[in-house]
Amino acid sequence: MPAGVELDVRGLTKRYSSQVSVGPISFEVREGEFFSLLGPSGCGKTTTLRCIAGFETLSAGSISLRGVRLDDRPPHRRDVGLVFQNYALFPHLDVFDNVAFGLRLRRVPTVQTRERVGRMLELVGLPEMAGRFPSQLSGGQQQRIAIARSLVLEPRILMFDEPLSNLDFKLRIQMRDELRRLQRRLGKTSIYVTHDQTEALALSDRIAVLSHEKIEQIGTPAEIYERPATAFVADFIGSSNLLQARIVERNERGTVIETQGGLRLYCAGGAVDSAGGDISVLLRPERIRVAVAGPAEEGEPNRFPARIAEITYLGEDLHLNLELAGGQSLRAALKNSIAAAGLAPAQQVHIVVDPDDIRLLHT
Amino acid sequence: MGAAAALGDPRRALCALSVGAADRAVCQCGAVQCPRLSPTKVVLPELTFANYLKIFDPYYARLFGRTLRLGLVTTAICAVLGYPLAYFLARARPRVLALGLFLLIMPLMVSTVIRVFGWIVILGRKGMVNQALVAVGLEPVKLLYTETAVVIGLVNIFMPFMVLPLMASIERIPPSLEEAAQNLGASWPQMFLRTIMPLSLPGLISGCLLVYSVSISAFVTPALMGSPRERMVGQQIYDEVLVSFNWPSAASLAITLVLFTLLLLFAALRVTRRAGRLEIRQ
């Protein structure tokens with residue numbers, strides 16, 4: 001086993017019926033790492049988490065924590081903390097008793113319990129709430145208490161099941177940043193389940209993208225975004241222009257492809273092997289440069305005339321729908337800067353795509 | 001008997017209101033048997049607390065003691081057996097739930113007499129239980145016409161009164177709370193004691209209250225399955241109304257029973273009000 005691996009999930013499979021099953025899913029979580037399971041609902045990410053916590057039994061595969069098999073232990077003997085989506089605070093206990101719940105089960109002496117709970121409430125910034133009941137707390141406060149309740153037991157791994165999805169937008173951003181600071185400070189190995197890609201990108205050291213009960217790609221946020229392994233990942237993470245294309249020519253300088261919309265693009269990136277030359281092409285909208293129409297500059301291979309079909313004003317950003325000669329349509333995203341101020345629908349512009357910004361993927 | 005005079009005394013008023021019409025018919029038949037009363041009247045229009053004081057007589061005190069004790073035992077057994085059943089049903093899939101509820105409510109749909117005959121087959125001197133005991137080489141035991149038989153009969157019929165309110169309050173506890181408790185290191189029994197029990201306390205209290213109040217006023221089951229020498233208050237009231245025609249005495253027993261039940265109800269309300277504040281608000 002490689003050093004520094006905290007949790008090792010091998011071939012995790014959960015069958016509910018002959019039709020419905022999850023896995024096999026394999027991944028490793030390294031010590032101190034913030035690891036996210038990202039995917040649309042129904043992709044098996046929550047099932048994976050519940051298997052690690054012991055609320056679901058595996059149909060096949062294994063889960064090991066520091067080399068010790070975990071999957072045959074009951075949920076209360078696993079030493080993995082879980083923060084629930086709805087926080088699951090005990091409504092009949094006040095904040096102090098909620099946080100002290102696990103300590104009392106472990107028969108920690110009263111003085112020590114008081115000290116550890118106090119320290120935890122201090123850590124999550126709610127020391128004055130000890131006497132309140134969960135129903136008297138806001139969503140964000142309940143969230144922090146739920147985290148404190150798990151953290152006070154000093155689990156090997158802290159797991160989060162969509163913890164921010166019940167909070168409103170601003171609070172979600174604030175809690176997200178707070179969560180990251182807390183995790184970095186404590187260096188606690190964490191697994192985070194979410195369907196929200198911005199959360200996963202902002203928080204994680206590494207992300208596993210799941211779809212249809214399988215792992216599509218595991219990588220750092222930048223790897224997942226810049227070099228998606230599959231068309232699904234490219235489409236799921238960020239917004240994207242995903243075009244069907246075929247390879248026309250290949251040489252040492254790069255690859256020439258032609259999209260179904262008739263666009264000929266020079267790509268610098270390594271080509272994918274594809275029988276018959278059919279591939280998918282990813283163009284990130286924010287990597288498409290939009291220039292007011294003018295003469296083509298020398299050395300710019302991917303420059304095309306286009307017409308602005310639609311502009312969506314989003315405050316920080318402008319989203320453009322562009323129509324190219326030959327009927328190909330593309331989406332572009334611009335920062336709302338002075339350069340973007342002059343753009344209007346039906347205007348003729350040029351778009352420029354850097355050959356390095358084009359990703360070729362298997363269809 | 002004069003209605004105006006009767007109304008002066010609430011306990012006789014109650015008695016007169018409920019059996020006012022029958023009262024006269026009985027008097028005209030001259031079938032009054034109670035020697036302490038006028039031979040032509042079931043009720044004398046004189047105010048007296050004698051009927052209440054007599055509850056402290058050893059006979060009546062034992063009667064009440066036995067009734068309350070059997071009620072308590074029945075309630076306790078219903079709670080112990082009903083909790084797992086209520087939990088199982090509250091967390092069951094809809095199809096299992098429908099079947100379970102049907103089986104649970106079945107005893108209420110069967111005539112008491114038929115149910116008791118069923119128990120006679122099982123508990124009788126040569127019943128199934130004793131046959132089984134003999135078959136494994138043990139002495140047969142007397143089950144039928146004992147307090148045990150009464151408790152078995154009462155638990156059988158009143159179980160739904162315990163399970164239904166318990167079920168309703170367990171259903172409202174999110175399963176994630178159980179998982180949270182287990183995740184924090186609680187074994188299943190610890191989880192049950194520390195989350196399910198306190199959170200379903202209002203259901204437990206209403207269940208106990210219901211079972212207890214219907215148990216202490218039970219009549220048919222103790223009459224058919226119990227010993228004639230170990231009766232419950234319900235049987236005594238029945239006898240005093242229809243056998244000894246001592247209606248004031250019957251009324252005093254009935255009112256005492258009602259007051260006792262009311263007292264329990266208010267006590268329970270106080271406890272549930274406190275517990276209700278801690279219930280899940282969502």
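Buried residues make up 38% of the 363 residues in chain A. In chain B, 33% of the 282 residues count as buried. Both chains belong to a predicted model, with scores of ipTM 0.80 and pTM 0.77. Chain A has helices and strands, whereas chain B has 14 helices and 0 strands.

**Chain A: build and domains**

- Chain A contains 9 helices and 20 strands.
- Its C-alpha trace spans about 80 × 45 × 35 Å along the principal axes.
- Among the contacts in chain A with a separation of 6 or more, 64% are between residues 24 or more positions apart.
- The domain assignment splits chain A into domain 1 (5-234) and domain 2 (239-361).
- The contact between these domains takes 5 residues from domain 1 and 6 residues from domain 2.
- The C-alpha centres of the two domains of chain A are 39 Å apart.

**Chain A: Gly327(A)**

- Gly327(A) sits in the loop that links strand S17 (317-324) to strand S18 (329-335) of chain A.
- Is Gly327(A) buried or exposed? Gly327(A) is exposed, because 10 other C-beta atoms lie within 10 Å, and a residue with 12 or fewer counts as exposed.
- Beyond its neighbours within four places in sequence, Gly327(A) is in contact with Gly261(A) and Gly262(A).
- Gly327(A) and Pro74(A) are 253 residues apart along the chain, and 59 Å separates their C-alpha atoms.

**Chain B: build and confidence**

- The pattern of chain B along the sequence is α-α-α-α-α-α-α-α-α-α-α-α-α-α.
- Of the contacts in chain B between residues at least 6 apart in sequence, 71% join residues at least 24 apart.
- The mean pLDDT of chain B is 81. A pLDDT of 70 or more is reached by 81% of its residues.
- Residues 1-35 of chain B have pLDDT under 50 throughout. The model still has 50 contacts beyond four places in sequence for this stretch.
- Where pLDDT is low, predicted coordinates should not be read in detail.

**Chain B: helix H8**

- Helix H8 of chain B covers residues 147-171.
- What span should its 25 residues have at 1.5 Å a residue? The expected span is 36 Å, and the end C-alpha atoms of H8(B) are 35 Å apart, so the two agree.
- H8(B) has a kink of about 50° at Phe158(B). The kink comes shortly before the proline Pro160(B).
- H8(B) is mostly covered, with 18 of its 25 residues buried.

**The largest nonpolar core**

- The largest nonpolar core has 141 residues.
- Which members touch the most others? They are Val99(A), Ala148(A), Met159(A), Val209(A), Val281(A) and Phe158(B).
- H8(B) gives this core its largest share, 14 residues.
- Domain 1 (5-234) and domain 2 (239-361) of chain A each supply at least three residues to this core.
- Phe158(B) is thus named twice: as a core member that touches many others, and as the site of the kink in H8(B).
- Val281(A), also among the core members named above, is in contact with Leu243(A), Ala245(A), Ile257(A), Thr259(A), Leu265(A), Ile358(A) and Leu360(A), leaving aside neighbours within four places in sequence.
- In soluble globular proteins, nonpolar side chains tend to be buried together.

Conventions
Residues are numbered from 1 along each chain as its sequence is written. Chains are lettered from A and ligands numbered from 1 in the order in which they are written. Helices (H or I, at least four residues) and strands (E, at least two) are DSSP runs, numbered from the N terminus. A residue is buried if 20 or more other C-beta atoms lie within 10 Å of its own, exposed if 12 or fewer, and partly exposed in between; C-beta atoms are placed from the backbone. Two residues are in contact if their C-beta atoms, placed from the backbone, lie within 7 Å. pLDDT is the predictor's confidence in each residue, from 0 to 100. The expected span of a helix is 1.5 Å times one less than its number of residues. The bend at a residue is the angle between axes fitted to the seven residues ending there and the seven starting there. A nonpolar core is a set of buried Ala, Val, Leu, Ile, Met, Phe, Trp, Tyr and Cys residues joined through C-beta atoms within 7 Å. Domain bounds come from an automatic or database domain assignment.
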